[in-house]
Amino acid sequence: MKKAFSLFLILSLFWNAYPQITRADDASTAKKPLNAPAKIVEESYCGKKIADPYRYMENLEDPFVRQWLIAQAEYARSIIEKIPGRTSLIEKMQDFDSRKAAKVYNLVITDNDWYFYLKRTPADETGKLYYRKGFQGTESLLFDPSDFSKNSQKKYAVSNISPTDDGSKVAVSVAADGSEDDIVLIMDVKAGRFYPEKIDRCRFASPSWLPDGRTFLYNRLQKSGKHDTDIQKNSKVYLHEVGSDPSLDREIFSRATNPEMNIKPEDIPSVHYDKDSKHLYAFVHNVDRRLTVFYAPVSELGMEKISWKPLLKPENNIHDFAVTEKDLYLYTPEKAPNFKVLKTSLFHPDIDHAETVIPENPDAVLTSFNLTSNGIYYTLSKNGVEVEFFHKKFNRKKAKKLQLPFPAGTIHLSTKGFKFPDVWVVISGWSSDYKRYRYDEASKSFVYETLSSAAEYPEYDDLVVQEIMVPSHDGVKVPLSLIYKKGLNKNSRNPVLFYGYGAYGKSLRPFFNPPFLLWAYKGGILAVAHVRGGGEMGDAWHKAGMKTTKFNTWQDLISCAEYVIDKKYTAPSHIAINSASAGGILVGKAMTERPDLFAAVIPQVGAMNPLRGEETPNGPVNTPEFGTVNDPVECRALIAMDPYLSIRKGVTYPAALVTAGINDPRVIAWQPAKFAAHLQAASVSGKPVLFYTDFQSGHGIGNTKTKQFETLADVLSFAFWQTGHPEFQPEHSSREN
């Protein structure tokens, strides 16, 4: 059974992660609000005095702050919804959606071949839970989250599915309005009914069933207010018996029960049971990719205290692992920045002398591996955009490259574990829709087993994809993906939308998203900059864009923008830059450092004030990625990477569309609020600086389909307006407020 429990706490998709702002009143009559008053608070950080003019906005319960957020949201909607072409974008997205009779995602397959998954049809706003026996089985509806919302103003979505090994029960996590404040429900599958208990405060629950099929382990937060800074601290792992009162659940693993493990208050503990090795695995999570894991025989659950043994420490530099009955497989960049896989004894591990099973490839990054009864399957990625698939039998030294059904930029690999031959791949590219195949080792062939309905998108038959290596400020070459329609003229007038991220070692791999590709359909160039801080070029690429090297992240984006200008694809007045979450640092710093280079910046639910990150609920757990104010060197790096603090009065800044979600548990709403207030007061360009807060959403996760479409239309229409596309110019508009 493969273990991969790293908590990056970041967005996994692009457009569907952005929150749509629900206006508080009729936006058509909204007047432009006055700039928020500055009330400077000075504070010393690492020997440097920092002036913070909008510190008071960190109190989201303050009546003035609340009213300012509402007024800004109303005004932003009054501008955005009048952009010509926005409505036609939404209509086209709805057209795309209607072509696919069913979209299936979050698939989980049990050992005895029960399929549990979410499915959304064109009539559905969010996914419903279904199950079937095998790929060919007849599906049955288990749960419609809208039923959970009937007596509430809130809108619930399913966020996690955890069935028992035999498929007789399933734990279903639901959350309202993008809050990610999960409630765990337990269903008897055959009876189609839920047990009476509802377990709340389960954002990191990750239920793990035990052999009896009646008990499971899960993480639960402490009782706390929504905006309480300590809401994520000191969470605990409990043991729950189906049908019992959750308040009586036994505490299994936490900072309190295991003080000898030095678990920090912000760390997130979890425990998972593996039936093959019959062991419990206790994880201590934060955003550090290097795993911290302990283990113990499952029999010790009956003891008063479990005698945990260390399995993996951060200094081992293990990023993932898999186990069999007796072996431990380790995924590591140690002395192999492109990653390798090692094997050692599970019960007597010797990592220093472990056998190399899959060696590092100097020309490609080892991105995933899975075990089956037929050997190891793994993937290699070149520059983050070209992926290959390999199979290596356990008794062979050499691996065999498998020819995919079509060239792919992305592979999602899954198996049932080392006792089963089953292996599946979901593959896609910039212009190729996701397709799922089962690889049949006996016939050496890929069998089409896509659960989602097929659809045709002739609008994208003539897309051109260019993969370019662009020299950055220090000579390091950065991968840049350009997607546009065939026949594009390099006349320096093409609208360009840059997307990047550059954090946590996460790679922006080729994805197929018809609504997002409307930028290219409308004649623009979609540019994906694979900047440092991501994982496209291996572990070293990640380390070259974090903490004290974070400046490389936005310098890479700036270099990519300069490249497309130099090559006559476009000009500064036609470039918009967009990102989300931690990507707010990327686009915010690129804008404040080179305001002359961009027409518009669109940070969505962005981390815009990282110096103050540790004062937010999700901040302390992120210090391994960005740094802490308690270390003088890292503190200075936090100041340098802070977009809010980089804004200077009297500068001609680009237009901006800044968003926040009031229920956001990852980036608290006051971070983008402070950035927007500061930018509105400082910019002298006359360009619009719009800020809106969604009062019925969070980080974008769990949004309804309609909200996803409307939000993406906001982003694309604003970017088209500010980059000069003729279809999106309001009457008598000069792209100014």
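Of the 737 residues in the chain, 62% are buried. The model is predicted. Burial here means under 20% relative accessible area. The accessible surface of the chain comes to about 28,400 Å². Carbon and sulfur atoms account for 49% of that surface.

The secondary structure comprises 12 helices and 39 strands. The radius of gyration is 25 Å, close to the 27 Å that the globule rule gives for 737 residues, so the chain is as compact as a globular protein of that length. Along its principal axes, the C-alpha trace spans about 70 × 55 × 50 Å.

Contacts were examined between residues at least 6 apart in sequence. Of these, 60% join residues at least 24 apart. Charge was treated at the level of the whole chain. There are 91 positive and 87 negative charges. Their mean positions are 3 Å apart.

Strands of a sheet pair through backbone hydrogen bonds, either parallel or antiparallel. Two regions of the chain illustrate the pairing.

One region centres on strand β14, residues 236-241. This strand is mostly covered, with 5 of its 6 residues buried. β14 pairs with strand β13, which covers residues 215-220. The two run antiparallel and are joined by 6 bridges. Within this pairing, N219 has V237 of β14 as its bridge partner. β14 also pairs with strand β15, residues 250-253. That pairing is antiparallel too, over 3 bridges. Here Y238 stands opposite E251 in β15. β14 is thus joined to β13 and to β15.

The other region is an open sheet of 4 strands. The strand order is β8-β9-β10-β11, and the pairing is antiparallel. β8 (156-163) and β11 (193-194) stand at the edges. Each has a single partner strand, so one side of each is left without a neighbour in the sheet. At the β11 edge, the partner is strand β10, residues 183-188. β10 and β11 pair in the antiparallel sense over 2 bridges. In this pairing, M187 has F194 of β11 as its bridge partner.

Taken together, the predicted model describes a chain with 12 helices and 39 strands. Its radius of gyration is close to the value from the globule rule. Buried residues make up 62% of the chain. Antiparallel pairing joins β14 to β13 and to β15, and also holds in the open sheet of β8, β9, β10 and β11.

Key. Residues numbered from 1 in each chain as written. Predicted model: local features only at pLDDT ≥ 70, side-chain atom pairs only at ≥ 80, totals over all residues. Heavy atoms only, no water. Rg over C-alpha atoms; globule rule 2.2 N^0.38 Å. Buried < 20%, exposed > 50% of the residue type's maximum accessible area, 1.4 Å probe, protein only. Contact = heavy atoms within 4.5 Å. Areas by Shrake-Rupley, 256 points an atom, 1.4 Å probe, with all protein chains shown as cover. Lys, Arg positive; Asp, Glu negative; His and termini not counted. Charge placed at Lys NZ, Arg CZ, Asp CG, Glu CD. Pairing = 2+ DSSP bridges.
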